[in-house]
Amino acid sequence: MNLILIIYIKHKIKECEEIKKRLEKEKFEFKVKSGENGKMFGQISTKQIKASLDEKGYKVDKTKILLDHPIMSLGTHIVKLELHKKVIAEIKISVVGK
């Protein structure tokens, strides 16, 4: 492999690691309508998560937001973001009722 390419990849991974550190300190909160028992009407989509990331200045492709399951309940949820094949960030999303 070309030495310049190796240096570029190492730099890119280091850059993604720094973004990961900042992301994991951020707070992401979604206010949603919910019923009396705390059940949400609808779900939090990757589109909404991307919009929240964009608002805070993070440019993450929507396809790199990895949801294990749909977010359909109030509380705190962990969402993985693939910043690079070797760098996966885990952000906390709080879903609260209005």
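**Fold and largest pocket of the predicted chain**

Read along the sequence, the chain of this predicted model follows the pattern α-β-β-α-β-β-β-β. This comes to two helices and six strands, taken as DSSP runs (helices H or I, at least four residues; strands E, at least two) numbered from the N terminus. The radius of gyration is 16 Å, well over the 13 Å that the globule rule gives for 98 residues, so the chain is more spread out than a compact globule. The radius is taken over C-alpha atoms, and the rule is 2.2 Å times the number of residues to the power 0.38. Along its principal axes the C-alpha trace spans about 60 × 20 × 15 Å.

Buried residues make up 24% of the 98 residues; buried means under 20% relative accessible area with a 1.4 Å probe, protein chains only.

The largest pocket has a volume of about 180 Å³. A pocket is an open set of points on a 1 Å grid over the protein atoms alone where a 1.4 Å probe fits, with protein on both sides within 12 Å along at least five of seven lines; lining residues have an atom within 4 Å of a point. The volume is the space filled by probe spheres set on the points, which are joined across faces, edges and corners. Among the lining residues are Lys12, Cys16, Arg22, Tyr58, Asp61 and Glu82. Helix H1 (3-23) and strand E5 (75-84) each give two or more residues to the lining. H1 gives the most, with four.

Residues are numbered from 1 along each chain as its sequence is written. Local features need pLDDT of at least 70, side-chain atom pairs count only at pLDDT 80 or more, and totals for chains, interfaces and linings use all residues, while side-chain values use heavy atoms, with hydrogens and water left out.

Notes. Buried means under 20% relative accessible area, exposed over 50%, partly exposed in between (1.4 Å probe, protein chains only).
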